[in-house]
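Here's a chain to walk through in questions and answers. Have the sequence and the structure open as we go.

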Amino acid sequence: MSAASYSRILLKLSGEALMGEDSYGINEAVVSRIVSEIAEITRLGVQVGVVIGGGNIFRGMAGAAGGMDRATADYMGMLGTVMNAMALADAMQRAGLPARVQSALRIDQVVEPYIRDRAIRHLELGRVVIFAAGTGNPFFTTDTAAALRGTEIGAQIVLKATKVDGIYTADPKKDPTARRFARISFDEAIGRSLAVLDATAFALCRDQKLPINVFSIFKPGALRRVVMGEDEGTLVHS
C-alpha cells in the first residue's frame with residue numbers, strides 16, 4: 001500500500017455538507033458516508049483534525065442581517081457547530097472510530113475545552129479531534145478557525161470540503177469552458193480574486209505557508225485521493 005502524502009491534516013467541513021439534499025439539520029446517511037471516508041484515511045495512518053461549521057442549524061450572518069446583534073448571532077452559530085460536532089463524533093464512535101470534541105466555548109459537561117496539547121495527544125493516539133465553536137470569538141468565521149487550528153496542531157495541509165471539485169477559472173455551472181486549476185499559488189489566487197477561504201483565513205494560511213486543497217466532499221473517494229497526493233481538487237500553495 002502506498003504511503004499517504006500527509007501525516008496530519010485539518011479537514012474543514014461546512015454545516016451545509018451534513019444536510020445532503022435536505023433543507024435543514026443533519027442527514028444521517030450523509031454523515032455516515034463522510035465518517036466512512038474519514039475512517040478510510042485514518043487507516044492509512046493519517047491524523048485528522050476537523051473544524052465544522054453550523055450553517056445547517058444557524059448562520060450568524062443571517063441572524064445579523066435580520067436585525068439581531070452580530071455578536072449574539074455569531075455565538076448562536078458557534079453553538080450550532082457544537083451540535084454538529086457532537087453528532088459527527090457520535091457517528092464516528094458508533095462506526096468504531098475514536099473521536100473527541102473540543103470546544104472553544106466552555107461547555108465542560110458536554111465536550112472538552114480546547115487545549116492544544118491535549119488535542120495533539122489525541123491525534124497521536126489515533127483519535128479524530130473535532131474542533132467546535134469556531135475560534136470562540138464573534139466576527140470570525142469557521143474558515144478562520146480551520147486556518148488557526150491547522151496551524152496550532154501542526155497540520156501539513158488544510159482540506160476545504162465543498163460542493164465543487166476544486167477551483168475553476170469561471171463558474172463551471174454557467175461556463176462549460178471553465179477549467180479546473182490542479183495547482184495555484186496564493187499570489188495567483190489573490191490576483192484572480194478567487195474566494196478560496198475568507199480573507200483572514202487565507203492570509204493566515206499564506207503567511208504560515210500552510211497549503212490548502214479545495215475538493216468536493218460529495219465525490220466518492222475524493223478525500224482519500226487528496227491525502228494520497230493524487231490530482232484531486234485544487235492545491236493552493238506558497
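Q: Is serine 216 buried or exposed?
A: This is a predicted model, so the answer is worked out from its predicted coordinates. Serine 216 sits in strand β8. Its relative accessible area is 5%, and anything under 20% goes down as buried. So serine 216 is buried.

Q: Which residues is serine 216 in contact with, leaving aside its neighbours within four places in sequence?
A: One part of the chain to check is threonine 162, 54 residues apart from serine 216 along the chain. The C-alpha atoms of these two are separated by 4.9 Å. With the sequence neighbours set aside, the contacts of serine 216 are Thr162, Lys163, Val164, Asp165 and Ala222.

Q: What is the order of the strands in the open sheet?
A: The sheet has nine strands, and its pairing is mixed. β4 (112-113) and β7 stand at the edges. Reading across from β4, the order is β4-β3-β5-β2-β1-β6-β8-β9-β7.

Q: Why is one side of β4 and of β7 left without a neighbour in the sheet?
A: In the strand order, β4 is at one end and β7 at the other. Both stand at the edges, so one side of each has no neighbour in the sheet. The reason comes down to what each of them has: a single partner strand.

Q: In which sense does β9 run relative to β7, parallel or antiparallel?
A: β7 covers residues 183-185 and β9 covers residues 234-237. Three bridges join them, and one of the pairs is isoleucine 184 with valine 236 of β9. The two strands run parallel.

Q: In which sense does β9 run relative to β8, parallel or antiparallel?
A: β8 spans residues 212-216, and three bridges join it to β9. Here isoleucine 212 has valine 236 as its bridge partner in β9. Valine 236 is also the bridge partner of isoleucine 184. As for direction, β8 and β9 run antiparallel.

Q: Which residue in β5 is the bridge partner of glutamine 102?
A: Strand β3 (residues 99-103) pairs with strand β5 (residues 128-132). They do so in the parallel sense, over five bridges. In β5, the partner of glutamine 102 is phenylalanine 131.

Q: At about what angle to β1 does helix α5 run?
A: α5 takes in residues 142-152. The helix lies across β1 (8-13), β2 (47-52), β5 and β6 (157-162). Against β1, α5 runs at about 170°.

Q: How are α5 and α7 placed, roughly parallel or roughly antiparallel?
A: Helix α7 is residues 199-207, and its axis is 7 Å from that of α5. The packing angle is about 20°, while angles under 35 degrees count as roughly parallel. That makes the arrangement of α5 and α7 roughly parallel.

Q: How many nonpolar residues are in the contact of α5 with α7?
A: From α5 come Asp143, Thr144, Ala147, Leu148 and Thr151, and from α7 come Thr200, Ala201, Leu204 and Cys205. By class, three are polar and one is charged. The nonpolar residues number five.

Q: How many nonpolar residues does the contact of α1 with α3 have?
A: The axes of α1 (residues 28-42) and α3 (residues 70-94) come within 10 Å and cross at roughly 60°, in a right-handed crossing. Val31, Val35 and Ile38 of α1 meet Leu88, Ala91 and Met92 of α3. There are no polar and no charged residues in this contact, and the nonpolar count is six.

Q: Is phenylalanine 186 buried or exposed?
A: Phenylalanine 186 is in helix α6 (residues 186-191). Beyond four places in sequence, the residues that phenylalanine 186 touches include Phe202, Leu210, Ile212 and Val236. Its relative accessibility is 2%, so phenylalanine 186 counts as buried.

Q: Is lysine 209 buried or exposed?
A: Lysine 209 is in the loop between α7 and β8. Its phi is near 55°, a positive value in a residue other than glycine. Relative accessibility is 60%, and over 50% is the cut-off, so lysine 209 counts as exposed.

Methods
Residues numbered from 1 in each chain as written. Predicted model: local features only at pLDDT ≥ 70, side-chain atom pairs only at ≥ 80, totals over all residues. Heavy atoms only, no water. Pairing = 2+ DSSP bridges. Helix = DSSP H or I, 4+ residues; strand = E, 2+ residues; numbered from the N terminus. Axes fitted to C-alpha atoms, helices over the stretch in contact; angles between N-to-C directions. Left-handed = near helix turned anticlockwise from the far one by under 90°. Contact = heavy atoms within 4.5 Å. Nonpolar A, V, L, I, M, F, W, Y, C, P; charged D, E, K, R; others polar. Buried < 20%, exposed > 50% of the residue type's maximum accessible area, 1.4 Å probe, protein only. Parallel < 35°, antiparallel > 145°, perpendicular 65-115°, else oblique.
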